[in-house]
Every structure is written in C-alpha cells, then in structure tokens.
Amino acid sequence: MDNDADQQHLAEANPGYASGQLAKALRTAHTHQDPDTRRRAQEKGRAWRAVLAGMASGLLSVGSRTPVAGLPAWVTPQVVRGGFASGEAAAGGPLRPYETEVARQAGIPAERRALFAYWLSEDGLRHLYDLLDSGRYEVTVPEEAALLTVAWLARAGETDAALDLVEELVPFADRLRFTPAPADRPAPDAAAVHRRTVGDARHDLGRRRPGEAVETQREALAVWQPFGDELLAHWLETAEDGRVLTRTPDAAWHERSAALLRRYRDLARRHTRCTKHLNPKQNLAILRGALEESVAGRPLDARRLGLLRHAVTSMVRRRGLPGSPGLTALRREQAAQAALPSHHALAQLVLRRLSGLPPEEGVTEVGPLVAEVSEEEARETGLPAGAAIPRALRRPVETALSATLGTLVERGVVPSSEVLAELVPQLVAVTTAQAYPDDSLRTLAAAHYRAFRNRRSLLLLNLERQVRTEELPWVKAVAGWRAGGEADEVSALALRQLGELAVQAFPGTILPNPLVRELSVLARQADLGAPLVEELAADIFMGTFTPKFLVAARIAAELLGGGSLYERYYAIDYRAVRNLAILEAGEAQLRTVRPRTSPRFAQLCAERAGASSARSRWGSGSVAANGTVIEQAQILTTHNLATLVHRVGISPASGWEDLALRSFDTVCRLTARVHGNPRPLATIKDTAYAWRQMLFHLSLCTPREQSRTLDRLTEETARRPGHVVTRLAPALTGLRQTAEGGSADEGEGRRLLGWTTDGHWMRRETPGATATR
C-alpha cells in the first residue's frame, strides 16, 4: 500500500499505546470464558511485550520501513495492531514440521543454516525443481518463494542472477525459512475466486448444535400436548354436563388410569427437555396428580377436586373437546411441525455432502449441496424426503462459491467494496503472473503475490512508503523475464474490468484503500499513467500530499473542466488546476531528486477549505480542520473516478444516469441514519461522499439525462420519511440552483460537504431554517 494510506495515529507511536494493548490482552487472557480466546489473547500479550521491550532497547524504530534493527525492508516483520512491529520476522521462529522432515531425510542437522546449504546442493535443487514443476506447494510468507526463484534461475541458465540472490539471502539463512511447505495439490485456478473455503463452510456447519429451545418445543408438541389430550379425554369419561367425577368410574376406567400413569412415567423418563408437566400449577400436572390419587384408591379432597374441575374446564375452553374437528386439525398441524427435521440434523446432511470436496478450495456448484433431502438420503439418514435446507444452513455454502467476481457480486456473496477488496488480490496475482512466459515461474509469481498481499502494513511516518513487491530481491532477480506488450494489455483489461465492477456495484461508496492498492498494481503494470489516490486519515494528516494527487486532479480537470455540473457545484477552477499541474511537472523535471510532496496542491486544498483551516487550524492537531483539507483533495481528484474513466476507460453497462440514481439511494439511506443519532458526523461524512459520487456520475450524463434525473431525485426524496426530506432539501436546492446556472450556496441552498469546523447544518432538525455556512 502507498504511504499516505498506511500512516497511523502519531499518538500510537509511543509506549503508552502499546502498554494499553498489552493490558487489554492480559485482561482478556485471564477473564474470558472461551479457552481459544484466552489462548489468542496470551499470544497477543507476548507480542506486545516484545514490542515494548524492543522500543525500550532500541531494537525497534517505530514509523520506519525498516523497524527492526538488522533486518532489511524486504524481510516481512510480524506486525500487531496499529502497525507496530514485534521485532520478530514472519518467516522466522522454530522449524516447521516440513523443514524438520527434510532435515531428517537429508541426514543433516535440524537447523536453518544447514537446510539452506542443503537446498543449494545437487539433491536439494532437484527437490526444488520437482516443486516448481508440480506446483504443489503453498507460499505463506513472501520469503518462502526465494529459493524456488534461485532454483528457477539456475535451471534457466541465469547463474549469475541466482548467485547474486543467494548472496543477498545468506546473512539471514540461520533464522529465516526460504522454502515453502509442500501441498497435496497444485494451487487452484484463480480465474474464479471465492470469499470462503469449503473448510470454512464445514467449520460453521459443524458448530451447529441442537437448539435446546427448539427441541423443547418439538417435544412439547409431539409428546406432552397429545398426552394431555388423552388425560383430558380420560377424565371427561367421568363427567356429566362438563363436570368431572359426577359419575362413578368403573373398574375398566381405573385399569386404563393405571396404564396411562405407566405410560406417563415412561414418557417422562425418555423425554426430559420439556418440564412443564412437572409444575404442580400446570393443568397437565393437576390432571395427572388427581389420577394418581384415584389409582391409589384415595378420594379427592375438596381442594384437589376443585383444581381438577377448573383444569378440565379451562382446557376444554381453550382447546376444544378431544376428538373435535378444531383440536384434531390443530394437533395434526403441530405434529407436522414437530416432525420437521432439526437444523442440526440438516447441517449434518450438508456436512456429509461437503465431505468429499477439497477443504482449501471454494465450491464450484452450490445447488446440489443445498438441495432438498433426496429419497436415498432419507433412507440413509431418517430425514424426511423433500425437506428443504433452511437459509441459515445454505448461507455458509453460498459464501464459499467459487466464481467470477461479477457473479459473486450479483449473488450478494460480495456485499460491499471492502469485501470486494479482499478478493481482488486473487485475480491480481494471476494477472501479474501473466507477464512471465514460463509456466512454473507464472505459478510461483502468483503464489508469491498472494502471500505478499497478506503482509500487514507497518506504522509509517514522514511520508515513508510500504514495501512493494517489486522491491523484494527474488522478484527483482526475475524482473528481466517479465514480458511487456501483451502482458500490459492483460493488466489494462483487468484494471478496466475491476474498476467497472467496483464503480457499478457500489456507486455510492468510495474505493477503499485495499482496493486502491490492488488497482494501483495493475495500473503500474499497464503503464497507463493512471495515479490512484488513497483516502487519508484526518487524525494523522500532516498537511502534505504526494505529487500524484495533483496529477489525479489534472486528469479530473481534463474530464470535467469547461463548465461541467461537478465543476460548477464545487466551485472549482479546473483551468487553474491544469496550469498548476503543468507548472509543478515542469519544475519536477528540472530536479535531480524526485519530489516527495506537492506543496502547491496542499496549499490549494487548504485555501479551498477556508482561511481558518488553512492558517490557524490546519496542522495544529484539529481533526476536523484536517478533514476539511482532505475532503477538498477528494473533490479536486474525484477520488479516482475521473482517473478510472479518463485514463483507464471504464464505462459501466448500466450507464451514468443509473449510477447517479443508485448513488442518491445511498444518500437517502445514510441521511435516514442521522435522525436521532447522538453521534452523526461519521454518517454525514459518508452521506457527503455518496453525494459527491452522485454528482460525478450525473456530470457525465447528457443535458437531457441530467434534467430527467434531477426531477427523479425530487420524486424519490418525496417518498422518504419527513426527516430525510427536511435534511436533504438544502442540498437538493443547491444542486438545482447550480444546474440552472447559479451557485449551490445561495439562498436556501447548501453545498453538501462532509467535514466542517463548525456545527454541520445536517445535524439540525430543521436545517433549511437554521443552517449556517
């Protein structure tokens, strides 16, 4: 990830934050009820103790791209919450089982330096060649790809490159592992991606236990309600005019009474979930208790007889007479409900269906795994044939679907741009690897990229930048084998498709930083000159922007300059922005060192944010003031939308008018959450971001489409709750005034921004009457 997005709060770069995290971990480790949670907390506690010890001893340099003394930037550090390095290397620690086994088979000491020497021997290289050819290995940290790269270079005749790489690795041969663990099967084809694996689905389903409340209700319906009907009918045999024991029971009645009591005791022994029948105040217990007295030959006293008659009367009144059509129909319906299979039993069936699939892969076809119970399965399991798998059990399987990203978005498996960002590295890994002509090197490059994307971001300060994959020694060693031309076209196509998918699927949401990172990789490979910028954190903003922000603003000026609705609404002079970018680019060419910041762009954003923000508050630690400056950068650059349209060439199939309307739907949903919210500022910020997305899409519409959409926005707002209508009225007025040639911030109109150093007008219940500018 690029530098700006990865910086953390400056206050976190001190022992106080680490001490607080250690205390939290220790508290959880000693008090949490779940043993797994306690174990994980203990591990976190050990990591935080290492952080504190490293900071105290000088081993750790917080905020640097080389935070651990003696380890170069390319070594993957163990990183804990907040971006702190623990002082350990992710590829270090005790030998893994596969390393121990290799040492045993090779007859060498079980230590990493001996293993390193073995891999470079004739036997070791043959072993590495076999791994390369089979693809049956799993790279979990980037370093594990290093010696496979050495082997590939040696076999390709690149002896000097192989030796140079070995020379760079040797100083760390005693503490880092440079080979991957073998796997049972090659890595799956990542053209299709999955959010979760078969193993994840099995884990979720395996945690299903019989629901105590559900099973108790099932027992009550299937056992105790019918038995209560039998007792009621038995007592009614002694009744005249609805009053029991007005007729003297005969011997046969007493025999049936004894049989009912024997059956009761058997039922109570076998069915123990429902205990209402044991409650002496319950009707069933009253009927059964009176029956026991009668069977024992003891006459009922007046109190017990009164309770019995009251219980019988109330049961008949509530249920109806045993055998009556109404009660018979009710019991039939209850019996059918009780006979439905439990979720636990159905979960076991789905687990059985999943058992033959590779646990580390996704599901290629969901339908057969969540189909109704078949006749054969019914015979084997006792479940009723045709029983449907409930949604709660289908969902774990559906989220493991392996398909194209578009399909996953369409089916709701990818519900947000954040989840999309989690899956994109799988595709970018394959796309990146396409640049290498050799099959085994492509497989290795894809496996390495996936592992590299699991590398956690460090806390970085002073515009430091996270390590990129192309900086790693083994990646640089094979850089000369990367082909351009067709590979660049593949990257450009992937970038365009992913950009269209993200913008079209989530039109009211800005691109999250992890997704920006992946798209930036493709943009660099495609050499499109398409700078993608991150969302910056207001609490650590230092008042500076990297030069790519001004380049992105210039691209936006090329697309939206000349009087677009977007330019007029936000009162941007895009001609001046273009001139500023041209001037700064010319100055940069005259420098011998590439500039790290764009002071002109920073000053422009500060001035647009307001004089108070630009001078007295900007950079003074005010988060709100910083936020106003950052938001102006987002407005000027359109936060990547213009770059994706103008340089990458995205063109969503649904059209810009559709995206504008769907963005406005997000605006309305977010505005609804402001009502009654004691802390609404984060929601207001997201509302303003969605509003900006809408304006961008609307600005790419034709004048006729713009006019039609503005009318539809008014109609759509009218269908919303009154508090939404009231809050959005100033923004809609400002938008219409802009469309008619005026200013958004005149009269009753207001320009909708997310950040302010004063009270935001959207917080007020009647913003149109009391808004401040």
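Student: In this model, in which loop is the place of Thr140?

Tutor: The model is a predicted one, and within it the residue can be placed by the elements on either side of its loop. Strand β3 spans 137-138, and Thr140 sits in the loop that runs between β3 and α7.

Student: Is Thr140 buried, partly exposed or exposed?

Tutor: The relative accessible area of Thr140 is 35%. Buried would need a value under 20% and exposed a value over 50%, so Thr140 counts as partly exposed.

Student: Leaving aside neighbours within four places in sequence, what is Thr140 in contact with?

Tutor: A separation in sequence and a separation in space are two distinct things: Thr140 and Leu459, for instance, are 319 residues apart in sequence and 22 Å apart in space, C-alpha to C-alpha. Once the neighbours within four places in sequence are set aside, the contacts of Thr140 are with Arg177 and Ala451.

Student: Which elements are included in what covers the buried residues of α5?

Tutor: Helix α5, residues 112-119, is mostly covered, with six of its eight residues buried. Those buried residues are Arg112, Ala114, Leu115, Phe116, Tyr118 and Trp119. What covers them includes α4 (97-106), α6 (122-134), α7 (146-155) and α8 (159-169).

Student: Why is strand β2 described as largely enclosed by the rest of the structure?

Tutor: Strand β2 covers residues 84-89, and the description rests on how many of its six residues are buried. It is largely enclosed by the rest of the structure because the buried residues number five of the six.

Student: Which residue in β2 is the bridge partner of Val79?

Tutor: Strand β1, residues 77-80, is joined to β2 by three bridges, and the two strands run antiparallel. They form a hairpin with three residues between them, and in the turn Gly82 has a positive phi of about 90°. Across this pairing, the partner of Val79 in β2 is Ala85.

Student: At 26% relative accessibility, how does Leu245 count?

Tutor: Leu245 lies in the loop between α10 and α11, and although it is not a glycine it has a positive phi of about 60°. Its relative accessibility of 26% falls between the limits of 20% and 50%, so Leu245 counts as partly exposed.

Student: His639 also is not a glycine and has a positive phi; what is its relative accessible area?

Tutor: The phi of His639 is about 45°, and the residue is found in the loop between α29 (623-637) and α30 (641-648). His639 is buried, and its relative accessible area is 2%.

Student: Are α9 and α15 roughly parallel or roughly antiparallel to each other?

Tutor: Two packed helices are described by the angle between their axes and the distance between the axes. Helix α9 (residues 198-206) and helix α15 (residues 343-354) pack with their axes 9 Å apart and at an angle of about 160°. Since angles over 145 degrees count as roughly antiparallel, α9 and α15 are roughly antiparallel.

Student: Which residues in α15 are met by α9?

Tutor: The crossing of α9 past α15 is left-handed. On the α9 side, the residues in contact are Val198, Ala201, Arg202, Leu205 and Gly206, and in α15 they meet Ala347, Val350, Leu351 and Leu354.

Student: How many nonpolar residues are in the contact of α11 with α12?

Tutor: Helix α11 (residues 251-270) and helix α12 (residues 283-295) have axes that come within 10 Å and cross at roughly 130°, and the two helices are therefore oblique to each other. The contact residues of α11 are Trp253, His254, Ser257, Ala258, Leu260, Leu261 and Tyr264, which meet Arg288, Leu291, Glu292, Ser294 and Val295 in α12. Sorted by class, this contact of α11 with α12 has three polar and two charged residues, while its nonpolar residues number seven.

Student: Which residues in α13 does α10 meet?

Tutor: The axes of α10 (residues 212-236) and α13 (residues 302-319) come within 11 Å and cross at roughly 120°, which makes α10 oblique to α13. The crossing is left-handed. From α10, Gln225, Gly228, Asp229, Leu232, Trp235 and Leu236 take part, and in α13 they meet Leu308, Val312, Met315, Val316 and Arg319.

Methods: Residues numbered from 1 in each chain as written. Predicted model: local features only at pLDDT ≥ 70, side-chain atom pairs only at ≥ 80, totals over all residues. Heavy atoms only, no water. Buried < 20%, exposed > 50% of the residue type's maximum accessible area, 1.4 Å probe, protein only. Helix = DSSP H or I, 4+ residues; strand = E, 2+ residues; numbered from the N terminus. Pairing = 2+ DSSP bridges. Axes fitted to C-alpha atoms, helices over the stretch in contact; angles between N-to-C directions. Parallel < 35°, antiparallel > 145°, perpendicular 65-115°, else oblique. Contact = heavy atoms within 4.5 Å. Nonpolar A, V, L, I, M, F, W, Y, C, P; charged D, E, K, R; others polar. Left-handed = near helix turned anticlockwise from the far one by under 90°.
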